[in-house]
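Okay, thanks for making time, everyone. I'd like to walk you through one structure today, so have a look at the screen while I talk.

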Amino acid sequence: MKAVTAMEWRVGIGVDAHRFADNRPLKLCGIIIPHPQGLHGHSDADVALHALCDALLGALALGDIGQHFPDTDPRYKDADSAQFVRAVMAMVQERGWRVSNVDITLIAQTPKLSPYREPMRRQVAELLELSLDAVSVKATTTDGMGFTGRKEGIAAIAVVMLVRSDR
Ligand code: MG
């Protein structure tokens, strides 16, 4: 008799936004993007990795990034957000899950992000130990509308799918 392996699936979504700030590097998906301004935040303000963490935590129903890595904690001042992703990935793996795929959308009027899409994909794939074809990084403007359209900051949305087999 052929063994049947039951698969379980979980989906998670994460959303984040940060305002532009002077004298900060702009970090998105773990890479530095040349731009006159960075993003305001307690950590490195990598809005894409924050949304990714929240998507992973959402799939696990384990709360949000602010609960796990509070912005009142001096340990996280200017912290590399890759460390948050690694810590959340440890929670994913401890529970027997693995990431099936991830889809990130950056919402920014400026800077133009298409030249950095592939480096951002590669960085996320490396962080999550995924093959490149399981990692999507997209960018859109809002056609000049809203806070991103007014170039006040950058927003990001991430969706992840987790998979686990019961044997
Ligand atoms: Mg954030």
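**Starting with threonine 148**

At 4% relative accessibility, threonine 148 counts as buried, because the cut-off for that label is under 20%. Threonine 148 sits in helix H5, residues 146-149. Leaving out residues up to four places away in sequence, threonine 148 touches Ile107, Gln109, Thr142, Gly153, Ile154 and Ala155. One thing to keep in mind throughout: this is a predicted model.

Ile154 turns up again if we move to leucine 28. Not counting neighbours within four places in sequence, leucine 28 is in contact with Ile33, Leu39, Asp46, Val47, Leu106, Leu113, Met120 and Ile154. And Leu28 belongs to the largest nonpolar core, which has 51 residues. Which residues have the most contacts inside that core? They are Leu28, Leu52, Leu56 and Leu106. Several elements give two or more residues to this core, among them strand E2 (26-28), strand E3 (31-33), helix H3 (82-94), strand E5 (98-107) and strand E7 (153-165). Which element gives the most to this core? That's H1, with 11 residues. As background, in soluble globular proteins nonpolar side chains tend to be buried together.

Now for the metal. The magnesium ion has three protein donors here: Asp16 through OD, His18 through NE2 and His50 through ND1, lying 2.0 to 2.3 Å from the ion. Along the sequence, those donor residues are spaced D-x1-H-x31-H. Aspartate 16 and histidine 18 are both buried.

Two of those donors, His18 and His50, also show up in the largest pocket: together with Ser43, Phe69 and Asp71, they are the closest to its centre among the 15 residues that line it. The volume of this largest pocket is about 260 Å³. Its lining divides into 6 nonpolar, 6 polar and 3 charged residues. Strand E1 (7-21), helix H1 (47-60) and helix H2 (65-68) each supply at least two of the lining residues, and E1 gives the most, with 3. So H1 is worth a second look, since H1 supplies at least two residues of the pocket lining and gives the most to the nonpolar core.

Next, backbone geometry, for those of you who check torsions. Most residues other than glycine have a negative phi, and most peptide bonds are trans. Going from threonine 110 to proline 111, the peptide bond is cis, with omega near -5°. Proline 111 is in the loop between E5 and H4. Aspartate 78 has a positive phi, near 60°, and lies in the loop between H2 and H3. Glutamate 129 has a positive phi too, near 55°, and is found in the loop between H4 and E6. Buried or exposed, what about glutamate 129? Glutamate 129 is exposed, with a relative accessible area of 68%, while aspartate 78 is partly exposed at 46%.

Last stop, glycine 96, in the loop between H3 and E5. At 45% relative accessibility, glycine 96 counts as partly exposed. Glycine 96 touches Val163 and Arg164, again not counting residues up to four places away in sequence. From glycine 96 to arginine 122, 26 residues apart along the chain, the C-alpha atoms are separated by 24 Å.

That's my tour. Over to you for questions.

Notes
Residues are numbered from 1 along each chain as its sequence is written. This is a predicted model: local features need pLDDT of at least 70, side-chain atom pairs count only at pLDDT 80 or more; totals for chains, interfaces and linings use all residues. Side-chain values use heavy atoms; hydrogens and water are left out. On a 1 Å grid over the protein atoms alone, a cavity is a set of points where a 1.4 Å probe fits but cannot get out, and a pocket is an open set with protein on both sides within 12 Å along at least five of seven lines; lining residues have an atom within 4 Å of a point. Grid points are joined across faces, edges and corners, and a volume is the space filled by probe spheres set on the points. Helices (H or I, at least four residues) and strands (E, at least two) are DSSP runs, numbered from the N terminus. Ala, Val, Leu, Ile, Met, Phe, Trp, Tyr, Cys and Pro count as nonpolar, Asp, Glu, Lys and Arg as charged, and the others, Gly among them, as polar. Donors are N, O and S atoms within 2.8 Å of the metal (3.2 Å for Na, K and Ca); water is not among the atoms, so sites may look incomplete. Buried means under 20% relative accessible area, exposed over 50%, partly exposed in between (1.4 Å probe, protein chains only). A nonpolar core is a set of buried Ala, Val, Leu, Ile, Met, Phe, Trp, Tyr and Cys residues joined through side-chain atoms within 4.5 Å. Contact means heavy atoms within 4.5 Å.
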